[in-house]
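Please look at the sequence and the model below before reading on. The report that follows takes up surface charge first and backbone geometry after that.

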Amino acid sequence: MSLADKLKDKKVLVTGVTGFVGEALLHRIIGDLPGTTVVAIIRPKGSLTGTDRMAQLLKKDIFKPFYGEGTEYADAEALSAARIQVIDGDLADVPALPKDLDIVVHCAGDVSFDPPIHEAFTTNVLGTKSLLERIDESRAGTGRRIHYVHISTAYTAGRRRGAIPEAPVEHTVDWRTEAEAGMAMKARIEEQSRSAPMLAKFRKDAEKLHRRAGHLTAAADTERRRTEWVAKKLVETGTERARSLGWTDCYTFTKALGERVVEEFAKTLPTSIVRPAIIESAVQSPHPGWIEGFKMAEPLILAYGRGELPEFPASPDSVVEIIPVDHVVGAICAVMATEPELSKPEYYHVSSGARNPLTFEQLYAGVRAYFSKHPFDLGERGAVRLPVWKFPGGDSVESMLRYGERAHKLADAVITRVPRSERTRKYARELDVQKRRLDFLRRYMDLYSEYAQAELQFIDDNVLALHNALEGDDQEKFWCDTSIVDWQHYLQEVHCPSVTDSLRRLDVVRKKRNKALAESAGVLKKVEPSQDAEIIAAFDMDGTLLSSNVIETYLWMRLPELDSHQRVGEIGQMLRRLPKLISAERKDRGTFLRTIYRRYEGADLEQLNQIVDEVLAEHVLERLSGAAVRRIREHRAAGHKTILITGAIRPLTRPLEPLFDEIVAAELAVDDRGRCTGFLSGPPLVGESRAAWIKHRARGTNIDLSKSYAYADSHSDLPMLMTVGNPVAVSPDVSLFRAARAARWQIVDWKTPSTSSRLELPGVQRFSGGVAR
């Protein structure tokens, strides 16, 4: 009798139908089991109900042959109405189930190898328990015999070696105790993250990066670091608990405990446990190479093809337990048609290593052969150069990775301290790419090293018996004998083409986008006038409009009134203090500015203005970027209000007054004689105070900050840039450059005119009257 006949008129509940295996199973039931109906539990997502999500699922290409012209069903809606019943719900709160179920196939579960420990227990253990309890409720008093099919994983065997039978995993771990502890871990780790020592660490790390921007910026980053630490700790705790008890990771650990839950219910519920190995793309159905998303091997295959996986911590003769998804689904369908005994679950390993092993060396050879024929194109650099694996062993690969991580950390520490330039930003961008690659390698080395070095042989006699018992053409429709797979053909002609196809198409789009970005690099978006609101354009001065800094501008003001010997003495004094000044500037820009401005004590404010007008104005304007001036004029032409916000003293902004509608600068306090006291009349506008000023300026007015602009060069200006809808990083330092790239802000480089030099000083003549005492 065929499987279609055995399963005719059966109602099958399927969980996880929107997942990889669940979707393939739904496709097989609709296509090859015409008398079988499906009940699907689907979790609502956002505004979409479970029914909405099923409708989206059925619109995928693999389901289209089942409806439309020339088929039994006019459209996807008709197909769903005839063959599928949708129930909104999830494993966290399983809804009441229909009373007429014949089979339950539990595909849903957390399939991540490194889930947070509480989430893994919620889904893989407690969710399974909740579903089984609902099944018991649904059949209570009906006398129905519901066949429960549990989809687990072959790796519930853990860190054992040798032959693994199709039988219960031998261990004495109590799932109730572990589930209770795992669920409590979230609260414990949250509490630990809020302890004084941990908060102090997060705060100090955040302030090290953000202290110049301000306390609130650092506080936001402190909380980000805390929440990220909690997430990371929950993953690490799950991994370490699993390994301490003999499993590879939290996924296999909780799946093994989930099997214990199933085995308890099997006393009254006919039960089959299906344990697939590493599930990959289809050999045949729905079509060769069909796959949804990236599974276990895909990130590694793609990284190798891009030349970014120099080695792998595997033994060349270790077996890779890959299984095509259609073999898994074929086995599930065959299992659905069996009649297991009560109190005696049946176990099925859907694997390949026992009778058709694929070693890591063979996997490497097949993948390398594919990319040798079909390399990724890097554009001007040509084809990717493929790494040559020598399989030096896990310890050697780990040493190589650690060396790369240490080298990157050192290089990154250096790049954040060197003077800013286009070359510095280029190196920072290259370091960021290298960091992403190192993080990728670290993640996958940690995740997969256990699997890569495993020495397991999954016995699959029960699955082979299922295959041999299939009648007629069912052995081709529902094949589950992996001995027929030609691995080299599968890798080179089916799997690799499938997983690289989407990436190659993305590469085409990415190249066009990168070309467009390269052509428009440094070209700002056109400024448009606003008809319904006022728009402001806020500009920083030093480092943004002109190549200067506070120490330089102080010397501009100071040196003109000194003779040559006095100039040498003043410059020497500043050079001696430079390390301390730089250190102070990195800690607190406001304190740094106050330190510099103390040196104006005794200066006559009117004479400072006169020095700027008669000596420095031309020098300041020579240092002004032509691109900056054009941009300011564009804003003014569009009717925008242009504002200069700077920590420089007011006299130095006098040459720029014609360009701006408003100037906000540091005001030197004076005594009743008009002489500077060495103090400011108010706190300097730096870091978060600039953002606060802009928000206050807009409050109660028609200013639309979402359409406004801000231009700055320093990480300390991050709060100001975040305040407006059109932030622009101008010749940014490395920290701002990285923040701007992450936020996808515009980045431009406004160069100082070539006729101007950083070493050039303004007029050398003495200025009568003096600047300072």
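In which helix is the place of K208? In this predicted model, K208 belongs to helix α7, which covers residues 196-210. The side of the question that concerns solvent is settled by the relative accessible area of K208, which is 60% and therefore counts as exposed, since the cut-off for that word is over 50%. K208 is also one of the residues of a positive surface patch, which is formed by K208, R211, K409 and R417.

The backbone has some features of its own. The peptide bond between S285 and P286 is cis, with omega at about 5°, and P286 is found in the loop that runs between β8 (278-280) and α10 (298-305).

Two residues with positive phi are set side by side here.

| Residue | Phi | Loop |
|---|---|---|
| D9 | near 65° | between α1 (3-6) and β1 (11-15) |
| S731 | about 40° | between β18 (726-730) and α25 (734-743) |

D9 is a residue other than glycine with a positive phi, and S731 likewise has a positive phi although it is not a glycine. Are these residues buried or exposed? D9 has a relative accessible area of 64% and is therefore exposed, whereas S731, at 9% relative accessibility, counts as buried, because buried means under 20% relative accessible area.

Methods:
Residues are numbered from 1 along each chain as its sequence is written. This is a predicted model: local features need pLDDT of at least 70, side-chain atom pairs count only at pLDDT 80 or more; totals for chains, interfaces and linings use all residues. Side-chain values use heavy atoms; hydrogens and water are left out. Patches are made of residues with over 30% relative accessible area and no salt bridge: like charges are joined within 9 Å, nonpolar side chains (Val, Leu, Ile, Met, Phe, Trp, Tyr) within 5 Å. Accessible areas come from the Shrake-Rupley method with a 1.4 Å probe; for residues, only the protein chains shown count as cover. A salt bridge is a side-chain nitrogen of Lys or Arg within 4 Å of a carboxyl oxygen of Asp or Glu. Lys and Arg count as positive and Asp and Glu as negative; His and the chain ends are not counted. The place of a charge is taken as NZ of Lys, CZ of Arg, CG of Asp or CD of Glu. Helices (H or I, at least four residues) and strands (E, at least two) are DSSP runs, numbered from the N terminus. Buried means under 20% relative accessible area, exposed over 50%, partly exposed in between (1.4 Å probe, protein chains only).
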